[in-house]
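Colleague: Could you take me through the inside of this model, meaning the packing, the cysteines and the empty spaces? I'd like one connected walk-through rather than a list.

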Amino acid sequence: MTNGKNRSYLLGIVGAYLIYLAYQLFEGRAETDTTMTPAVRYVFIALFVIAGIALAVYAVIVWKQSGKEEEKEEKPKQDETALK
Amino acid sequence: MDKKQISAVLKKNAMLIVLVLVYLFFLILTKGGIFKPSSFTELINQNAYVYILGAGMLMCMLTGGNIDLSCGAFVCLLGAFGGVFMIVQGLGTGVSILLLMLIGIVYGVILGYLIAYVHIPPWIATLAGYLAFRGWGTSILSSNSKTGSLAPFPVDFQNIFYGRVFQTEKGVFNVPCFVFGLAMAALVALIVFMTRKNRLRKGYEADSMQAAAIKSGLGAAVIILVMTKLSFDGGIPTTLLWVAGIVLVYSFITSKTTIGRHFYVVGGNMEAARLSGVNTRRIMFLAYLNMAVLTAIATFTVIARSQSAYADVGKNFEMDAISACVVGGVSASGGAGSVLGMVIGATLIGVINLGMSLISLDANYQRVVKGFVLLAAVVFDILSKKREK
């Protein structure tokens with residue numbers, strides 16, 4: 001497991017957590033004893049969902065990039081073995 | 001000092017400066033409320049679990065950005081077992097603590113073995129715990145209690161993990177507490193100068209006398225300030241001693257021991273570490289065994305403070321620990337980070353949480369702030385990584 005892949009998992013988890021926070025805000029929309037207006041609530045929900053999805057997409061990009069780097073590292077090793 | 005030097009100092013201490021600015025912000029907003037003695041005690045007691053779990057999460061993240069998603073749910077499970085041992089079965093505090101530590105060790109051994117030797121990705125192995133342990137803990141609690149929670153824990157257990165040392169009445173100046181603070185401040189100053197002297201003797205680069213004096217002066221001032229505040233709030237919380245002990249031990253391990261350096265090397269480049277003779281599997285195993293043991297200690301502080309074991313305990317603890325590490329500058333790809341950074345990150349999050357509750361900020365806004373702090377830290381990490389490349 002490369003560090004790049006681990007990093008992508010952490011980024012994905014943070015993205016999921018932001019979406020979870022958005023869900024918690026959405027769940028609390030029926031609360032009456034809150035100072036947060038519905039408009040502000042939905043703005044923050046949208047911001048967190050967008051940020052969460054963006055992080056998840058970036059996590060996938062990082063994962064793919066680290067996969068390609070792993071393949072590049074393995075290819076010279078295989079070439080060396082073939083030469084032997 | 002020229003512009004370049006000032007810029008370097010600011011960059012190196014960025015999170016510390018942010019912490020000071022955020023504290024000053026809440027000092028104004030709370031009209032001094034965050035500077036009261038009770039606020040210092042509350043900051044320590046409320047966030048003890050973050051420091052303890054943060055130390056464990058740091059060791060995991062150093063090995064390559066690995067995390068433990070199960071620590072929060074494991075706190076719930078251990079809390080349930082603790083309630084059964086101490087309240088239902090009536091076992092002694094000492095025996096119960098040993099049994100809970102043993103459960104922590106067994107889980108750590110299994111988890112460490114699965115990750116290090118069977119090569120199950122850490123996030124999958126710990127996700128299983130995240131999903132299973134809370135259900136297991138909840139079923140233990142509901143089968144042993146009609147209310148679904150177990151309380152109260154024995155007084156001696158609470159005294160060990162949520163008591164006070166040199167206890168006096170609140171509002172009365174506690175002389176032993178203050179003297180202890182002076183002693184600790186002197187010790188910190190001594191360590192800074194001794195470290196500088198050793199480095200110079202070995203021919204390494206060391207801080208200038210001026211820098212060392214400033215460092216030790218600031219460190220001593222913070223310790224004396226905190227201990228003076230605690231002197232007026234009834235004494236030193238035992239939670240602080242647990243947190244300080246763990247922070248000092250892990251600070252020593254990560255900076256002064258070979259095995260501590262191995263954690264950084266494994267996180268920097270695992271293949272190079274393996275080829276250099278580092279037992280990478282053992283390091284991964286130890287990271288997760290260590291995390292499980294620290295989770296057990298964090299559980300003691302949490303259930304002693306809440307004086308009960310309940311199903312929701314430990315919710316989102318793993319995210320709090322990860323946030324403390326990421327905000328404190330621990331690299332998401334591993335190989336970089338420090339205990340001091342984690343402590344600053346945890347303290348920053350703790351100050352924000354405490355400040356928000358002192359101004360009675362709506363819980364929804366508190367969630368928003370928490371989310372933005374974590375997002376800012378991750379974005380900062382991504383930008384730092386891009387700049388490196």
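Modeller: Here is a walk from the packed interior out to the open space.

A word on ground rules: this is a predicted model, where local features need pLDDT of at least 70, side-chain atom pairs count only at pLDDT 80 or more, and totals for chains, interfaces and linings use all residues. Residues are numbered from 1 along each chain as its sequence is written, chains are lettered from A and ligands numbered from 1 in the order in which they are written, and side-chain values use heavy atoms, with hydrogens and water left out.

Let's start with the packing. The largest nonpolar core holds 127 residues, and B:M57 and B:F157 have the most contacts inside it. (A nonpolar core is a set of buried Ala, Val, Leu, Ile, Met, Phe, Trp, Tyr and Cys residues joined through side-chain atoms within 4.5 Å; buried means under 20% relative accessible area, exposed over 50%, and partly exposed in between, with a 1.4 Å probe and protein chains only.) Setting aside neighbours within four places in sequence, B:F157 is in contact (heavy atoms within 4.5 Å) with B:M86, B:T93, B:I97, B:F300, B:I303 and B:A304.

Now B:Y288, which sits in helix α13 of chain B. (Helices are DSSP runs of H or I with at least four residues, strands are runs of E with at least two, and both are numbered from the N terminus.) B:Y288 is buried, at 0% relative accessible area. Its C-alpha is 7.9 Å from that of B:D68, although the two are 220 residues apart in sequence. Leaving out residues up to four places away, B:Y288 also touches B:C60, B:N66 and B:I67, among others.

That brings us to the cysteines. The count is zero disulfides over all chains, a disulfide being a pair of cysteine sulfur atoms within 2.5 Å. B:C60 is buried at 0% relative accessibility, but its sulfur is 8.7 Å from the closest cysteine sulfur, in B:C71, so that is too far for a bond. B:C325 is likewise buried, with a relative accessible area of 0%, and its closest cysteine sulfur, in B:C60, is 9.0 Å away, again too far for a bond.

Next, the enclosed holes. There are three cavities of 30 Å³ or more. (On a 1 Å grid over the protein atoms alone, a cavity is a set of points where a 1.4 Å probe fits but cannot get out, while a pocket is an open set with protein on both sides within 12 Å along at least five of seven lines; lining residues have an atom within 4 Å of a point. Grid points are joined across faces, edges and corners, and a volume is the space filled by probe spheres set on the points.) The largest cavity has a volume of about 110 Å³, and its lining includes A:Y17, B:D320 and B:K370. α16(B) gives the largest share of that lining, four residues.

The second largest cavity, about 50 Å³, is lined by A:N6, A:Y9, A:L10, B:G65, B:N66, B:I67, B:P122 and B:W123. Here α1(A) gives the largest share, three residues.

Finally, the second largest pocket contains about 800 Å³ of space. It has 28 lining residues, with B:Y49, B:K315, B:F317, B:D320 and B:K370 nearest its centre. α3(B) gives the most to this lining, six residues.
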